[in-house]
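Reader: I would like to go through this model step by step, beginning with how exposure is judged and ending with how far the coordinates can be trusted.

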Amino acid sequence: MYEEQKSLADEITKFRFSAQPDKAIALCHQAMQRFPDNSFFPKLEGDICRQYERFSHAAQAYLKMLLLLRPDQFSIFASAYNNLARSAPREVMDSFLEDIRELLNGAGLPEELEKNLYTLLGSQLAVDKEFLLFAEQAGDDHNFRLIKSKIDRWEAAQDIARIEAVAAIKLKSDENRKSRRIDAFLIQRLEKLKQYDLALAMIGKTQKPYQNKLILAAMLRICRKKEDYSFAEEELSIDDGFIERSSFNIQYELVYYFQIKGDDERLEKTLKLMHNSAVNSIPIARTLYNFYLSLNRFEEAQNILQHIRHLERAAERIRPNLSRSKEQMESEQAVWQRMKELVSEQEHNRQMIALGDLLKGFSHELGQPITNVRYAVQLYQKKMQRNLDTPEALQSLLSDILLQTNRIGMLLSRFSPIVSPKNEAGEFSVRGCAEKVFADLETRLRVQNITFQIEGPVGLKLSGDQVQFSQVFYNLVLNAMQAIEKDGHIAVGISVSRDNAITIIFADDGPGIPEENFQKIFEPFFSTKDPTSGNGGEGLGLYIVWNILKMFGGRIQLDRSYRSGTKFLIQIQQKKEGHRNESGTDY
């Protein structure tokens, strides 16, 4: 049988490519009569008809082939359909779709084959005369209720293909100004149905210029669900101005966005704007509370929790539910306390791991000069035993010992800011502290042709040991100088927020930190520099900065989105008593 089929196929092919399509098609019919269960010959007939532009005939042949295919052979039909769609007139494809629709309604196909057809053709199968009339009505917001009602029914019946078809027609239309309300509703429904790509395409096609804040929030939310913000980044300029103009719904999404991007500076700005909105709003305050918990910022979470309680006590309309609210708050308080304990345990474990790494690195760094001294002394002892020692050899030994012990001394001095018992507490100007460090290093900065700029209020004070805090600026400046090497700029910005938090932005225009090192830069003894340079290089600078800031109740983070060099964000929450917001509420 196989030999007979092959012989027929070879003869059909000979006629096909010798410009004799009629003879080739006639042989296809003979083969189909001889082998009625073989899908190959209907496929071959369809290909011949398509080649010679007999498109209607080709569609009918492919339909015969479809009826003979097994579900695992569906890709053959999909390829044939797509090839025909690229060359056949629109009316032929419309008729072909109508035949496929009738075939599906006849319930004569295997279930898996039906599923494959819907996957391939999707919204195209939904199109009929009644639907085309509906699509035309969807072009005018005066028909909003009618359109919404119809789409609600389709969704309830799980007729998703028709909803997709409406969107497909909208994307092809050049006129969408009269239906912005319908389009926005359709976008929201597509998001609900998890048709994210289609929803974003609708946003880009129908919503420009972007003025609807709900649509902007939907755009960011869909990108978050897709775990891909490339569409939003192409369509929007997500800068400081965008944050300030944003509504709460957009700010909510921006918190997730800046977390993913590692943009701690703009994350902080967004949270502060939400904090301002939370002054008189319980829902916003609760949302902010949840964000603080997710970010492990428990003190701020506790403050906003107290504020929520104040708002609920002041709201007469919820007094009947006060007992339930109290129980709920007590439950949340217990959860908050447990989470704080868990994070404290996690922080303790992390610190123990860091301490272990520190001791291993410290042992390694000390081991090298100590080993060098030991071997040098042993070598000199052997020379003495052989009477080969000379004053010159002794001088060389002593010089080597001094060199190695000096290296040990430099290493130990690097730890002095965080291990020294000396602690001269007092108030000092943060800007004055930075200016003194730059003044001390001014000659070296001038040699490297590095300029600097310090901005911020002179009167902004911080409590603690100024000498110890100076090490923060010393280490950051020395790091920047080593990165820039020559011809560059360092900028320091100092500010204070309404809740008395000090923010220090430290940026340079050097080569920046490679992305693969983002997670390592605060680890002890991690360095890409030469440790024998005399200017650090042991990998302790940022580790010491991190520890000093912890002593001051602060933290330091790398701005991972900064592309013009390296930028660090330092935040120090000063202790305050009786601080009140502008509304007079303690929180």
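Author: Buried means under 20% relative accessible area and exposed means over 50%, with partly exposed in between. The model discussed here is predicted.

Reader: Is Arg-266 buried, partly exposed or exposed?

Author: Arg-266 belongs to helix H18, which spans residues 264-277. The class follows from the cut-offs, since partly exposed covers what lies between under 20% and over 50%. Because its relative accessibility is 25%, Arg-266 counts as partly exposed.

Reader: What separation do the C-alpha atoms of Arg-266 and Asp-559 have?

Author: Leaving aside neighbours within four places in sequence, Arg-266 is in contact with Ile-238, Asp-239, Asp-240, Ile-243 and Phe-258. Asp-559 is 293 residues apart from Arg-266 along the chain, yet their C-alpha atoms are separated by 9.5 Å.

Reader: Which side chains of strand S6 point to the face where they are buried?

Author: In a regular strand, side chains alternate between the two faces of the sheet. Strand S6, residues 554-558, shows such alternation, with Arg-555 and Gln-557 pointing to one face and not buried, while the buried side chains on the other face are those of Gly-554, Ile-556 and Leu-558.

Reader: Which residue of S7 stands opposite Gly-554?

Author: Strands S6 and S7, the latter covering residues 566-573, run antiparallel and are joined by five bridges. Within this pair, the residue of S7 opposite Gly-554 is Ile-572.

Reader: How many contacts beyond four places in sequence does the model have for residues 577-587?

Author: The mean pLDDT of the protein is 80, and 80% of its residues reach 70 or more. Over residues 577-587, however, pLDDT stays under 50, and the number of such contacts in the model is 18.

Notes. Residues numbered from 1 in each chain as written. Heavy atoms only, no water. pLDDT = per-residue confidence, 0-100. Contact = heavy atoms within 4.5 Å. Helix = DSSP H or I, 4+ residues; strand = E, 2+ residues; numbered from the N terminus. Buried < 20%, exposed > 50% of the residue type's maximum accessible area, 1.4 Å probe, protein only. Pairing = 2+ DSSP bridges.
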